[in-house]
Amino acid sequence: MANSATNLRLKLPIACIILEVIIIILFGALVQYDDETDAKLWHKEIANGSSNYDNDFYYRYPSFQDVHVMIFIGFGFLMTFLQRYGFSSVGFNFLIAAFALQWATLMQGFVHGMHGGKIHVGIESMINADFCTGSVLISFGAVLGKTSPVQLLVMSVIEVTLFAVNEFIVLSVLGAKDAGGSMTIHTFGAYFGLMVARVLYRPNLDKSKHKNCSVYHSDLFAMIGTIYLWMFWPSFNSAVTAHGDDQHRTAMNTYYSLAACTLATYGLSAVVAHDGKLDMVHIQNAALAGGVAVGTAGEMMLTPFGSMIVGFLAGTISVLGFKFLSPILEEKLKIQDTCGVHNLHGMPGVLGAIVGAVTAALATKDVYGDGMADVFPDIHSGDVEASFQGVRQAISLAVTLGIALLGGLITGFILKLPIYGAPPDTICFEDGIYWELPGEEGSHEELTTVRTPDEAEKLNA
Amino acid sequence: MANSATNLRLKLPIACIILEVIIIILFGALVQYDDETDAKLWHKEIANGSSNYDNDFYYRYPSFQDVHVMIFIGFGFLMTFLQRYGFSSVGFNFLIAAFALQWATLMQGFVHGMHGGKIHVGIESMINADFCTGSVLISFGAVLGKTSPVQLLVMSVIEVTLFAVNEFIVLSVLGAKDAGGSMTIHTFGAYFGLMVARVLYRPNLDKSKHKNCSVYHSDLFAMIGTIYLWMFWPSFNSAVTAHGDDQHRTAMNTYYSLAACTLATYGLSAVVAHDGKLDMVHIQNAALAGGVAVGTAGEMMLTPFGSMIVGFLAGTISVLGFKFLSPILEEKLKIQDTCGVHNLHGMPGVLGAIVGAVTAALATKDVYGDGMADVFPDIHSGDVEASFQGVRQAISLAVTLGIALLGGLITGFILKLPIYGAPPDTICFEDGIYWELPGEEGSHEELTTVRTPDEAEKLNA
Amino acid sequence: MANSATNLRLKLPIACIILEVIIIILFGALVQYDDETDAKLWHKEIANGSSNYDNDFYYRYPSFQDVHVMIFIGFGFLMTFLQRYGFSSVGFNFLIAAFALQWATLMQGFVHGMHGGKIHVGIESMINADFCTGSVLISFGAVLGKTSPVQLLVMSVIEVTLFAVNEFIVLSVLGAKDAGGSMTIHTFGAYFGLMVARVLYRPNLDKSKHKNCSVYHSDLFAMIGTIYLWMFWPSFNSAVTAHGDDQHRTAMNTYYSLAACTLATYGLSAVVAHDGKLDMVHIQNAALAGGVAVGTAGEMMLTPFGSMIVGFLAGTISVLGFKFLSPILEEKLKIQDTCGVHNLHGMPGVLGAIVGAVTAALATKDVYGDGMADVFPDIHSGDVEASFQGVRQAISLAVTLGIALLGGLITGFILKLPIYGAPPDTICFEDGIYWELPGEEGSHEELTTVRTPDEAEKLNA
């Protein structure tokens, strides 16, 4: 099933090892422990009266691990729904995430400000690197089954870099808030990936159509991914918000949004799916849209009531997107979006950005009290009005969409070069092209027990 | 395989959307952030000298996430053991849990006391809502494979409500202790579900008998559920105990009880199972009984020694229950308990209640010191003797059994109405009735490679 | 498929119940709550000004749960890669881990110093017991598929005991540091297990060769194990280090080591695997070697740069070991190492010990500041030079190898006694020998749909 074009013996080792060597050299030159991970610096803080229990490790690490599970188990297994692409879904997810988190540490370090020429690392940089990785994995979902691991690594190099630039513009230049990344992670990752998929459009992909679907157990593996993403989304949205009420509130808003989204998803799925039955694609994906859609406003005083309305809307548009919009995207716009990231991350991300802008514009001192300083420091300090904060949020969405689409366009053309070992149209969605596959269970028995009379005669002779 | 009676196109959307709209309206009218999630209120506490690090989020949220995993992965995958009911096991578990946690927030808010006409929500209400959800999922185990999702939602509405009433009577009126819910969660959920199963008795269920068993990989999926429940049970039992030694001790007691229970389960399984082999049903279920059985006494000074004895007993009665009692329940009492919840939650829950009553009755100031104030505030304050606390615990068990059985009876009759799209006797334990099913892996290849000589000739011609 | 020799009806119950009864008696006689889990003692500390939030539960329990997941899900599912050994992989892993953690509590309590004749237990003893259990599970990997559960329990009894002795010598007598257990856990477990496998060498194991491989879905189950081990390894290495910067730094060093290791693994796998494709065996195992290799030095000031180099080397030697060394071990040294623990735990463990020795020898006050007191208390106090600390580390490696090899040798001969129900050479790697197996999914349908013309005629007649 392999041929020289897709043979990875040279291409993948060269990509992996060159990238890792570059990373190690840059880490050697530029990366240092921060105040909380460096033995000497932290113990200076101890000498000044801090307690070891004040180390931010204890207030961020549990959230980090939840996010980590979402990145490696959640995204990885969510994509195992394809019948013969489980090794690649989990395996390439693993590879590009392990690469992207290192590269993101460097890129985010560069743009978010160096400390005396050095990048300082600790638990917050680890979470932010995982967040950036999440964005790459969303794009991976759009091109799943149609790309080689070398293409994915090249895409990660560019996407991580542009993610860091966009994040810097949105959060630092424009002063927008986006703790759970409705804009910076989901909208960015989705539209970047969709544009890459557009450029890599394969008119003859129907030759692999019979592989582009699930089987019973692959759908169950995918549910592992779905459920982990769903459970830990409250940790995702709250992982880098301010300590105290902010983290607490963000987690709770997300929890309610997801619960309402799930009810909407089941209800809508039964309406639109074939024959009044539920469709696993909706359950696996649309039930998560509620987490995406409160990624910006989750830390604000959205209230459980507001969170539920947002979640309900997100689940609704996501199911409708799978049913009605995805076929149009594929036929009219020539965007072959394997996982439907437009429905799970694209539209709910935009919804989340809009909800964030509106919620910000409505912020009042009466509601936030002194907590305004954590959520909207510029409103608290009097630098901007709440309405203007809303405008900032809206501009940030536009900027994110622009960078994502343009970046995806350029990246798509780079990935089109015929040097990365991409699969031919006839063998997409197929592990066998990049992985040594084991034999089938029971195949030996089958040959000896289910046979034609002629074969049986020969054996008995 | 579907027919108009089980078609969900109208029934499920109506149920989901009406319920969610009611919930959203009630949340809008009644639910508010508590002191630790509200920006203004928390920052008042900060102004009064609190630190953001004192927010209860940091001392409850990791436990909450462990409980969350038990509810959605643990219960969900434990029930995937059936060969063709994995989508429904995980999927309906997901649906009713997402609904029940919202409804529980309201019902528990009503009965546990409103604050100025409002329900205050934060991390503790989230944990308690998940606990209540666990009870519903236990009942789900008893009726697994024989109910439609609409029936399950209706059951959840009633069961959550009665759970909140029973919890209020046991904890607030009677003053019993039950941090891990041996009574309020396990005993309640099990006997409620068993009574529902009794009323829904299907004399012709043997028509679906060939589906009511596992296959190799479905048993492995189920082990994911088992192991997650087992690992995180210490977090479950300790999630809402008092901070400090209480949480620490409860987690540890549960850990030892489960370990001892597991050894008993393996030992007993090899004794009673066919042909001196181990039975997966025992391992998947009975090994967890140790967590159930220290749900009440886990926070008390049970000692590791006591915890192990309780765990050992729980594993023993659970395996024996699967072997000897379940067939009797089905044949004589007409209770078709799909998952054997009587063996995992019912009997061990009652055992846990009794152990709790005895341990409470034996509490002395000499053993608990000032810690008595956290575990048994009424004994500490001198309001009651330890022996009377034991009586309270015993009465609580009786009340719980009464409300569960009566509630289950009524609920069963409500669910018997022929309007919910329940499956016919011939298609129980079958995903295909409610889910769009994918084709089978390799089915295409099989048709083209394993064929009869006649077919092969035609193809070659 | 079962015969009287492998029938467990008497053997396993006797082993489980006798062992559990012994444990319960010893716990009753010897084990007490420590200061942080005992109601009275903890409240004395409260009376002296401590806060409930100071309880170590809050600073260790999240790490403990991550380690717990590695032990029960990580190790358990990693070994499900075999096509027909999933029940035993997860199930025996579950059994021996549940036993070993209890036995380890006692053995580690004995050698690490009793308090007034009693063993005090709390969150740290729980983590240490899980660590010791990990070592047993590594050895299990070497003999996977070729041993009965009774043999595994006997092995656990001896291995846990020797683990505690070795750990005491390394950490307490020699004063070495080994927070993540490169030596005490990985090197010990691997070489102990390899020696047991050597003694239990089966010259006719090729009779079961067709079972000693994976199938598609078994490899996906195994990836659940791999990914969980990978994600939570930072928690493993940092679970018992000093609070503050130490835990924080150890987690971060491990995270970077693993990321670099993963890139090396993918690169090397494509180089050495057949036909330029990736080999699941490498991905499932070698990608984890980076966690093993920073088990000793992770808490030191290794820097992210140093961690990545170590991880990269570990991944490289691990892949090369699978490709070139494992066949030699089997053919020349007669070590049938089912899971390749020599490549994942053995060589990377030794590498980790060496890295630890070198890093310790290079420790300077200039780099560690007052943090030296936590990482190297004896260097801080002036008792030893850094170079001598390096020597201590190196001696510890030698001691560990000696005790592991000698212990494994003796254990192997004990396990060779023909009384434990070991499987015959022809039925290794087969669940059916110890487990009641369910029927196959669709087997009924297959018989009725794929048949020979003769059969079809008969049915139609």
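Here is a short back-and-forth on how the chains of this predicted model meet, and on what backs each label.

Me: What makes D366(C) and K40(A) a salt bridge?
Reply: The closest N and O atoms of D366(C) and K40(A) are 3.5 Å apart. The cut-off for a Lys or Arg side-chain nitrogen and an Asp or Glu carboxyl oxygen is 4 Å, so the pair qualifies. The count between chain A and chain C is one salt bridge.

Me: And what else of a polar kind is there between chain A and chain C?
Reply: There are 32 residue pairs in polar contact, with both residues at pLDDT 80 or more. As for where chain A's side comes from, the elements giving two or more residues include α1 (11-30), β1 (31-33), α2 (39-47) and α18 (443-449) of chain A. By class, that side of chain A has 48 nonpolar, 22 polar and 14 charged residues.

Me: How do you know how big the contact of chain A and chain C is?
Reply: Go by the area buried between them, which is about 6900 Å². Carbon and sulfur atoms give 70% of that area. On the chain A side, Y33(A), F94(A) and E436(A) lose the most area to chain C, together 11% of what that side buries. In residues, the contact takes 84 from chain A and 78 from chain C.

Me: Now chain B and chain C: which residues form a salt bridge there?
Reply: D366(B) pairs with K40(C), the closest N and O atoms being 3.5 Å apart. That value is within the 4 Å limit, so the name holds here too. The rule finds one salt bridge across this interface.

Me: Which elements of chain B touch chain C?
Reply: Those giving two or more residues are α3 (57-78), α8 (216-238), α9 (245-272), α10 (280-285), α12 (303-331) and α14 (365-368) of chain B. The largest share, 19 residues, comes from α9(B). The chain B side divides into 43 nonpolar, 19 polar and 15 charged residues.

Me: How much area do chain B and chain C bury, and how many residues take part?
Reply: About 6900 Å², with 70% of it on carbon and sulfur atoms. The contact takes 77 residues from chain B and 82 from chain C. The rule also finds 32 residue pairs in polar contact across that interface, both residues at pLDDT 80 or more.

Me: Why are chain B and chain C said to be related as by a three-fold rotation axis?
Reply: A rotation of 120 degrees with 0.0 Å of shift along its axis superposes chain B on chain C, with an RMSD of 0.0 Å. The two copies are thus related as by a three-fold axis. Chain A also goes onto chain C by a rotation of 120 degrees, with 0.0 Å of shift and an RMSD of 0.0 Å.

Me: How do you know that chain A and chain C meet through different surfaces?
Reply: Only 17% of the interface residues of chain A are also interface residues in chain C, so the copies use different surfaces.

Me: What makes D246(A) and R249(A) a salt bridge?
Reply: Their closest N and O atoms are 3.9 Å apart. With the limit at 4 Å, the pair is therefore counted. Both residues lie in helix α9 (residues 245-272) of chain A, three residues apart, about one turn of the helix. Over all chains, a search of the whole structure finds 25 salt bridges.

Me: What does UniProt place at residues 49-419 of chain A?
Reply: The record, an unreviewed entry, places the feature "domain: Ammonium transporter AmtB-like" there. In the model, that stretch of chain A is 72% helix and 1% strand, and its end C-alpha atoms are 58 Å apart.

Notes
Residues numbered from 1 in each chain as written. Chains lettered and ligands numbered in written order. Heavy atoms only, no water. Contact = heavy atoms within 4.5 Å. Buried area = accessible area lost by both parts, 1.4 Å probe. Polar contact = N/O pair within 3.5 Å; in protein donor to acceptor, adjacent residues only side chain to side chain. Helix = DSSP H or I, 4+ residues; strand = E, 2+ residues; numbered from the N terminus. Nonpolar A, V, L, I, M, F, W, Y, C, P; charged D, E, K, R; others polar. UniProt positions renumbered as here; feature names shortened; annotations may be inferred. Least-squares fit on C-alpha atoms with pLDDT ≥ 70 in both.
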